[in-house]
Amino acid sequence: QRRQAGPSGRSPRERSGRRRLRPRPHAVGDARPAHRGENAHPHRDCTGRIVVVHNGIIENYLELKHALEAEGHRFATETDTEVVAHLVECEWRGDGLEAAVRRALARIRGLFALVLLATDDPQKLVAVRQGPPILVVESEGGCLVASDVPAILSHSRDVVFLGNREMAVITPGGVTYTDFTGAPVAATTQRINWDPVMAEKAGYRHFMLKEIFEQPWAARETVLGRTSLESGQVFLGELDIPIERLRAVTRVVILACGTSWHAALVGKFLIERLATVPVEVDYGSEYRYRDPIVTPTTLTVVITQSGETADTLAALREARDRGAATIAICNVVGSMATREADFTVYTHAGPEIGVASTKAFTSQLVALHLLALYLAQIRETLPAEAARRHLEDLNHLPRWLEQTLQCEDAVKSVAQRFHQHRSFLYLGRGINYPIALEGALKLKEISYIHAEGYPAGEMKHGPIALVDEQMPVVTLLPDGSVFEKMASNLQQVKARGGPIIAVADDRPRDLGALIDSSLDALVTRTGDTPADHADRHGDSASTAGVPHRRPSRLRRRPAAQSRQERDGGVTRAAAVARIL
């Protein structure tokens with residue numbers, strides 16, 4: 001998002017104030033790969049005079065859209081972004097673009113970053129932040145507004161970061177900074193001293209930490225442009241499979257390796273529950289070494305972040321050669337998996353450099369949820385109102401993930417207490433069992449500590465023999481039908497002296513009799529599991545003096561782009577993004 005301007009001959013502003021800029025043409029744009037088709041930015045109002053680009057989600061856009069339609073507004077798309085342009089049009093009173101935007105903001109709920117232009121106030125750009133980042137640069141080459149530091153480092157290292165609920169108004173007379181009420185705010189120019197690698201890391205200590213905090217963005221990008229809350233429908237335009245063939249499917253086989261295999265297990269729960277079709281999950285590395293049964297009504301789904309996983313590709317070819325329709329869930333456009341599969345659902349998670357998958361796993365779960373809803377839609381197995389509740393939760397998911405990331409200090413404290421233990425047991429039931437597997441895998445990959453994930457019901461069939469005061473047991477305790485059974489597992493652990501790390505919803509049932517604060521730990525935050533945080537902070541690697549893994553030979557290939565079910569304890573986090 002950029003506005004060109006001429007040099008001013010003055011040094012960069014260090015505190016709030018104005019700087020004279022030579023009038024030049026204004027321009028806004030958005031190059032994110034998820035913004036395509038009808039979702040392509042910028043969006044306009046009815047008259048075409050107000051233009052907006054947007055990063056984030058307008059949570060109450062459907063309510064606003066219906067109200068605007070009742071007033072006679074005509075919408076060209078089903079995106080939430082277009083609502084902003086119409087709102088500003090509705091609030092336009094001839095007192096300037098920023099005034100209309102402020103009135104419109106009073107009606108909007110959600111997390112968003114906006115940049116707007118108006119033909120009736122042409123020498124002005126208005127940038128707004130409520131959640132996603134916005135930064136402003138005043139350089140000798142002009143004034144730029146961007147969403148990330150690396151985008152502007154070639155122009156200037158002096159940037160102003162907008163705070164939450166702040167606005168920047170850019171005119172030839174300079175840049176002014178206010179809050180949403182119009183009160184002036186001080187905005188300090190900060191000097192960015194990153195080298196190129198640090199710029200790529202956006203200031204985080206390592207790529208895995210950066211990618212953990214990119215999960216809300218990755219989830220948002222994977223949902224973006226694919227759902228309609230109004231109709232309760234999912235749109236997977238790239239999935240151009242004849243409807244008759246999808247309706248004829250009698251079995252789904254999901255093939256994957258490693259973390260993607262854990263995502264596949266979650267996908268099994270979702271597809272079987274929503275689309276009511278049997279699902280098998282197999283390791284890509286094992287599939288071709290047996291004689292798999294494949295029929296013309298078999299749908300094979302392969303999951304791979306890079307699209308180049310050799311075992312998964314071999315399994316894909318085996319299924320395709322036996323006559324199955326094939327779909328790839330992948331993050332890299334143009335990769336081998338996307339070229340060899342019949343159809344592809346892209347995750348748009350952006351490059352994942354860290355060895356241990358984080359945001360790619362989260363976005364795979366989102367893509368699988370969308371695929372399950374799409375199959376249910378085609379097979380007419382889920383009422384529109386029930387589908388709409390799922391879509392509402394998927395659209396709220398980025399905000400829930402942002403909230404979950406705020407538990408960082410609490411999880412760090414837990415990790416510091418337990419980092420000297422050398423073996424961990426992770427337990428989950430139902431859809432949480434694959435998340436227990438993923439949490440254990442992360443601890444092994446990142447902290448070099450032995451960990452095993454088990455279905456909680458199997459604990460008494462072997463693993464319980466190893467539980468003692470030296471083996472912490474991480475339990476996933478979402479509120480729901482499995483809570484009592486998980487509480488029973490905790491009692492068995494306590495009877496053998498095992499420390500408990502319980503991960504529960506924000507308002508868990510009474511666990512006082514089971515959690516001893518001197519020996520155990522309870523982590524609550526919106527129902528999301530902080531497995532990544534615990535592994536990272538336990539400095540389990542760092543606290544133990546072991547560096548985090550980032551060997552270049554193991555780096556993943558960068559990507560070319562970027563309701564809750566009440567039965568079985570499928571909570572909002574478990575169903576979509578329990579990796580946190």
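Buried here means under 20% relative accessible area. Keep that cut-off in mind while touring this predicted model.

**Stop 1: helix α2**

Select residues 81-90, helix α2. Nine of the ten residues are buried, so the helix is largely enclosed by the rest of the structure. The buried ones are Thr81, Glu82, Val83, Val84, Ala85, His86, Leu87, Val88 and Glu89. Now show what surrounds them. The buried residues of α2 pack against the strands β3 (43-44), β4 (50-58) and β5 (110-118), and against the helices α1 (61-70) and α3 (97-105).

**Stop 2: the antiparallel sheet**

Stay with β3, β4 and β5. These strands belong to an open sheet of six, ordered β3-β4-β5-β6-β10-β11, with antiparallel pairing. Colour β3 and β11 (174-179) next: they are the edge strands, and each pairs on one side only. Two bridges link β3 and β4 in the antiparallel sense. To see one contact point, pick His43; its bridge partner in β4 is Val52.

**Stop 3: strand β17**

Move to residues 298-304, strand β17. Seven of the seven residues are buried, so this strand too is largely enclosed by the rest of the structure. Show the side chains. Thr298, Thr300, Val302 and Thr304 point one way, Leu299, Val301 and Ile303 point the other way, and all are buried.

Which strands pair with β17? Strand β15 (residues 251-256) does so in the parallel sense, over five bridges. Strand β18 (residues 325-330) also pairs in the parallel sense, over six bridges. Label a residue pair for each. Val252 has Leu299 of β17 as its bridge partner. Ile303 stands opposite Ile329 in β18. Then add helix α10 (residues 310-321): with β17 and β18, α10 makes a right-handed β-α-β unit.

**Stop 4: Leu382**

Centre on Leu382, in the loop between α12 (359-379) and α13 (384-405). Draw a distance from its C-alpha atom to that of Ala275. The two residues are 107 residues apart along the chain, yet these atoms are separated by 7.3 Å. Leaving out residues up to four places away in sequence, Leu382 touches Leu274, Leu373, Ala376, Ala387 and His390.

**Stop 5: the parallel sheet**

Select the five strands of the open sheet ordered β21-β20-β22-β23-β24, where the pairing is parallel. At the edges stand β21 (450-455) and β24 (521-524), each with a single partner strand, so one side of each has no neighbour in the sheet. Neighbouring strands are turned by 20° against each other on average, direction ignored.

Add helix α15 (residues 433-447). Helix α15 packs on the sheet, touching β20 (423-428), β21 and β22, and its direction makes about 175° with that of β21. Next comes helix α16 (residues 483-495), which lies across β20, β22 and β23 and runs at about 165° to β22.

Now walk across the strands. Five bridges join β22 (residues 473-477) to β23 (residues 500-504), running parallel. On this step, Thr475 stands opposite Ala502 in β23. Four bridges then join β23 to β24, again parallel. Ala502 stands opposite Leu522 in β24.

**Last selection: the faces of β24**

Which side chains of β24 are buried, and which are not? Ala521 and Val523 point to one face and are buried. Leu522 and Thr524 point to the other face and are not.

Notes:
Residues numbered from 1 in each chain as written. Predicted model: local features only at pLDDT ≥ 70, side-chain atom pairs only at ≥ 80, totals over all residues. Heavy atoms only, no water. Buried < 20%, exposed > 50% of the residue type's maximum accessible area, 1.4 Å probe, protein only. Contact = heavy atoms within 4.5 Å. Pairing = 2+ DSSP bridges. Axes fitted to C-alpha atoms, helices over the stretch in contact; angles between N-to-C directions. Right-handed = clockwise from strand over helix to strand, strands pointing away.
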